[in-house]
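The following exercises concern a single protein chain. Each task is followed by a solution that proceeds step by step.

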Amino acid sequence: MKYSLYDPYDYPLYRPPSEAYSLILQVTLGCSYNRCVFCGMYQTKKFRIKPIETVKQELVMFAEHYRRVDKVFLADGDALTAPTEYLVEVLDAIADVIPQCKRVSCYATHLNIRQKSPEELQLLASKGLTLLYLGVESGDDETLKFIRKGTTAAELIKLSNKVKDAGMELSATFILGINGAERDNTQHAIKTGEIISKMYLTYAGLLTLRLEDGSYLTKAAAEGKYTIVGIEEVVKELKLILENIHVEEMTAPVIFRSNHASNFLTLKGTLPQDRDAMLAQVNRVLERGVYPEHQKYYL
């Protein structure tokens with residue numbers, strides 16, 4: 001394979017916003033699950049695991065062109081699904097080629113975490129894979145069923161503790177407005193606040209639903225079967241989430257963010273201590289009642 005420094009990837013390529021300055025190393029292509037109704041990220045790709053020698057060659061190429069790499073993100077959609085022996089070989093290669101690397105992270109799914117034994121996760125953590133990104137989306141079982149997530153809130157709480165026991169950190173995302181205007185988002189919001197209280201998390205990030213090309217919801221919207229909720233309803237949903245984060249149940253700090261490009265209202269804080277201050281910000285926005293389209297709201 002012939003490589004180019006400027007275009008070494010199989011597109012489309014995605015990474016979490018917090019990995020903006022990380023080296024992206026594709027070890028898998030696509031997503032092994034790929035059934036979530038809101039996601040169109042990997043509809044054009046057939047899932048496969050890249051040959052280990054190809055990954056090692058790319059790693060050497062990157063090391064030759066970048067002076068310093070502190071963090072590596074393993075793409076694509078759920079690199080954790082690769083066999084543990086394969087991932088150990090990747091992590092050993094990173095340690096050998098980029099010894100200054102301080103952290104390796106990747107996307108994961110509930111299936112990946114469920115399938116890996118505690119010992120396998122501990123081994124991967126000891127090799128440097130210390131942060132997993134998990135799309136939780138909702139704490140409401142009915143919503144999880146609607147979006148075809150293939151899991152339950154109870155299992156997600158259990159799996160988060162499995163990650164904790166392995167010595168890894170967990171970053172979870174949740175989606176505002178996911179049920180659309182045809183369904184009630186109240187229970188979704190209430191249960192999402194509750195699950196944030198109960199899961200082991202280092203980071204919790206809120207996104208607002210956007211219709212992506214190729215997703216099931218995009219097709220449903222085109223057929224008049226699904227309608228995006230308005231900004232005011234999204235802000236009310238955010239309020240309900242914050243109100244139902246039970247700070248007395250939290251056992252460790254969680255960095256909370258609602259500052260993704262998709263969000264109308266930007267919030268930043270650490271739970272539990274900043275919960276009330278963020279809730280007050282949301283209430284001020286609701287009291288003003290001004291929701292300009294396509295404009296972010298900063299306080």
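**Exercise 1. Determine how many disulfides the predicted model contains, and explain the result for Cys36 and Cys39.**

Solution. A disulfide requires two cysteine sulfur atoms within 2.5 Å. By this rule the count is 0. Cys36 takes part in no disulfide, and the nearest cysteine sulfur, which belongs to Cys39, lies 6.4 Å away. The pair therefore fails the test from the side of Cys39 as well: the closest cysteine sulfur to its own is that of Cys36, at 6.4 Å, which is too far for a bond.

Next, consider accessibility, where buried means under 20% relative accessible area. Cys36 has a value of 14% and is therefore buried. Cys39, at 13%, is buried too.

**Exercise 2. State the strand order of the open sheet of 8 strands and identify which strands stand at its edges.**

Solution. The order is β1-β4-β5-β6-β7-β8-β9-β10, and the pairing is mixed. At the edges stand β1 (23–26) and β10 (267–271); each has a single partner strand, so one side of each lacks a neighbour in the sheet. From one strand to the next, the twist averages 20 degrees.

Within the sheet, β7 (residues 169–176) and β8 (residues 203–208) pair in the parallel sense over 6 bridges. Ile175 stands opposite Leu207 in β8.

Finally, a helix is added to the picture. Helix α10 (residues 275–288) packs on the sheet, where it touches β9 (254–258) and β10. The direction of α10 makes about 155 degrees with that of β10.

**Exercise 3. Compare the length of helix α2 with its expected span, and list its buried residues.**

Solution. Helix α2 comprises residues 84–97, a run of 14 residues. From the first C-alpha to the last it reaches 20 Å, close to the 20 Å expected at 1.5 Å a residue. Its buried residues are Thr84, Tyr86, Leu87, Val88, Val90, Leu91, Ala93 and Ile94.

**Exercise 4. Describe the overall fold: is the protein as compact as a globular protein of its length, and why?**

Solution. The protein has 10 helices and 10 strands. Its radius of gyration is 20 Å, close to the 19 Å given by the globule rule for 299 residues, so the protein is as compact as a globular protein of that length. The C-alpha trace spans about 55 × 45 × 35 Å along its principal axes.

Two further values complete the description. Of the 299 residues, 51% count as buried. Among contacts with a separation of 6 or more, 78% join residues 24 or more positions apart.

Definitions and conventions:
Residues are numbered from 1 along each chain as its sequence is written. This is a predicted model: local features need pLDDT of at least 70, side-chain atom pairs count only at pLDDT 80 or more; totals for chains, interfaces and linings use all residues. Side-chain values use heavy atoms; hydrogens and water are left out. Buried means under 20% relative accessible area, exposed over 50%, partly exposed in between (1.4 Å probe, protein chains only). Two strands pair if DSSP finds at least two bridges between them. Helices (H or I, at least four residues) and strands (E, at least two) are DSSP runs, numbered from the N terminus. Axes are lines fitted to C-alpha atoms, for helices over the stretch in contact, and angles run from 0 to 180 degrees between N-to-C directions. Contact means heavy atoms within 4.5 Å. The expected span of a helix is 1.5 Å times one less than its number of residues. The radius of gyration is taken over C-alpha atoms; the globule rule is 2.2 Å times the number of residues to the power 0.38.
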